[in-house]
Amino acid sequence: MIKQEKTEQDEFTLTITADGVTSTDKRFTMDNLSLGNHYKPLDAYFQKADSEEKIRRKVGKNENTISRRTMPRLACQVFEKDIAALSPAERESFPVCKYNPDSEMICGIYTSVEEFQQHCRNSDESVPYYRDSGGQFVLYCWGIFSTIIFVQECLKRFGEPGDKMVLIYCEKDEKEKQEATTEAAAQEELVQQFKEYQNPFSSMLMESKNLIFRGAPGTGKTYLAKEIAADIISNGQFEKLDQLSPEQRKQVEFVQFHPSYDYTDFVEGIRPKVNDDGTMGFELQDGIFKKFIVRARKNYEDFQKSKQTELKKYVFIIDEINRGEISKIFGELFFSIDPEYRGPAGEISTQYSNLHADPGEKFYIPENVYIIGTMNDIDRSVDSFDFAMRRRFRFVELKANEHLEMLEKLEDAELEAEAKKRMLALNNEIADVEGLNENYQIGASYFLKLKTLTFNQLWTDYLRPLLQEYIRGMYDEKGIMNRFAEAYGYKKPADGDTDDAVQD
């Protein structure tokens, strides 16, 4: 390879056409596209053969003006209709990257991150493109050269002779190279622990960074979130939070959203304080999420400085995430929690940064932070859940008739069997009612109350009031409730029996 004297200010121009790829950097070669990890992009544009106009990326909300993902997104923007017209088989076999002559071709344009993850290991290695008509294109992307073949294939199939894509780039400075190397090492260390987890959802959280469990009431969403936190923090040793050591407990935080919860509770805000002389004053205080991030960030930065330092994982659980006004609570953190912008690349100034001891202080969420949310599908606030948040989380539905293993906690085989029988019969009846569906079925966690209640008490004090709310205003409410009671196996007690605390 030819060694070339350079300065940090040197810029290079990479030109991609249907016929070839050239660069003003003499060191560039299509036989080693991994060299792109050492460079950063400065500009990218598409130019038709018969025009002087340079078409650049129409940057979406919270999208960097220029990043390693800009060039493939621009290609998707220019050829969106052509890519959409491809058959599923053609999209799946679409060439994207071949790092060297001996490596396999990485192929595939997928319609979601979930579909991408079925074929590739990590969502951090993907580039999602949000189509104007709705939906996504998702393909592999790592360094700035990793999608050259994809762009060239688009020009071959959909462009006109002479059309070109141009990338302007330069070398990273030593600090940027070190950050990139450390980030890759951190990501690899976290990924290496996948096989040690007991819970099948743990790896899903590690891949996605942000996960929301949704489903019917009582399906164990919160319980599952805590299990996952214990699983990944302990590297598969424990499944309950109370089994973690005091030090490990600092790696998990739990909060429940509600309508009056806001940014000052979550991130930071002005709070009253009593001065030493007894007078009242105000001071800037960190909220629960920011305090948590400070702990995680210290560990992440210590890991960057020294390899005997262990990179720990931190899990933040938000119960009933849809009940809060998301935009009011998260504010500018919409950008920082995005899996694509973890680390210094996604640093921002918070709303109260002018009151910090260092006004230039930046906030970012490190790679070792994972967020789990829970939400009930039948809650009316689901409909108003912020779209910007929806695309930053991976949604996993938990159905009522799943995770029946929770009932093992009853520690009575006959009671467990009877609980399953009644639960399934009741849920089948609920699904048969016009106007209801699976989202209204009853989850197994309700039946854990049988540790202290009878089946009749569970019906009268918990299940019947809930079901009556479901069908309020429907035709023949009494008849529907009778069907529910019969399916459940409720036996109305004889006169004088105090077991039935609430009468119809």
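Helix H11 tucks a good part of itself away: Phe289, Lys290, Phe292, Ile293, Ala296, Asn299, Tyr300 and Phe303 are buried there. Keep in mind that this is a predicted model. Two of the H11 phenylalanines also turn up in an aromatic cluster, together with Phe257, Tyr261, Phe266, Tyr314, Phe316 and Phe330. Below is a quick tour, starting from H11 and ending with a hairpin.

**Helix H11 and the aromatic rings**

- H11 covers residues 288–305, and its 18 residues should span 26 Å at 1.5 Å a residue; the end C-alpha atoms are 26 Å apart, so the expected and modelled lengths agree.
- How do the rings of Phe289 and Phe316 meet? They form an edge-to-face pair, with 5.0 Å from centre to centre and 85° between the planes.
- Phe289 has a relative accessible area of 1%, so it counts as buried.
- Its partner Phe316 is at 0% relative accessibility, which means it is buried as well.
- Across the whole structure, a search turns up 31 aromatic pairs.

**Charges over rings**

- Arg422 sits over the face of Phe455, at 4.1 Å from the ring centre.
- Arg464 does the like with Tyr490, lying over the ring face at 5.9 Å from its centre.

**The parallel sheet**

- Five strands line up as S10-S13-S14-S9-S15 in an open sheet with parallel pairing.
- Which strands are at the edges? Strand S10 (252–256) and strand S15 (394–398) are, each pairing on one side only.
- Neighbouring strands here are turned by 20° against each other on average, ignoring direction.
- Strand S13 (residues 314–319) pairs with strand S14 (residues 369–376) in the parallel sense, over 5 bridges.
- Phe316, the ring partner of Phe289, stands opposite Ile371 in S14.
- Helix H8 (residues 221–233) packs on this sheet and touches strand S9 (210–215), S10, S13, S14 and S15; its direction makes about 165° with that of S14.

**The antiparallel sheet**

- There is also an open sheet of 4 strands, ordered S2-S1-S8-S3, and its pairing is antiparallel.
- Strand S2 (21–23) and strand S3 (39–47) are the edge strands here, each with pairing on one side only.
- From one strand to the next, the twist averages 20°.
- S3 and strand S8 (residues 164–171) run antiparallel and are joined by 8 bridges.
- One of the residues involved is Tyr39, whose bridge partner in S8 is Glu171.
- Helix H1 (residues 70–78) packs on the sheet, in touch with strand S1 (12–16), S3 and S8, and its direction makes about 15° with that of S3.
- Helix H5 (residues 148–158) lies across S1, S2, S3 and S8, running at about 45° to S1.

**The S6–S7 hairpin and Glu80**

- Strand S6 (residues 126–130) and S7 run antiparallel, with 5 bridges between them.
- They make a hairpin with 5 residues between the strands, and Gly134 in the turn has a positive phi of about 100°.
- Tyr130 has Gln136 as its bridge partner in S7.
- S7 (residues 136–140) is mostly covered, with 5 of its 5 residues buried.
- Is Glu80, in helix H2 (residues 80–84), buried or exposed? Glu80 has 10% relative accessibility, so it counts as buried.
- Leaving aside residues up to four places away in sequence, Glu80 touches Tyr129, Arg131, Asp132, Ser133 and Phe137.

Conventions. Residues numbered from 1 in each chain as written. Predicted model: local features only at pLDDT ≥ 70, side-chain atom pairs only at ≥ 80, totals over all residues. Heavy atoms only, no water. Buried < 20%, exposed > 50% of the residue type's maximum accessible area, 1.4 Å probe, protein only. Contact = heavy atoms within 4.5 Å. Pairing = 2+ DSSP bridges. Helix = DSSP H or I, 4+ residues; strand = E, 2+ residues; numbered from the N terminus. Axes fitted to C-alpha atoms, helices over the stretch in contact; angles between N-to-C directions. Phe/Tyr/Trp six-rings, centres within 6.5 Å; stacked < 30°, edge-to-face > 60°. Lys NZ or Arg CZ within 6 Å of the ring centre and 35° of its normal. Expected span 1.5 Å × (residues − 1).
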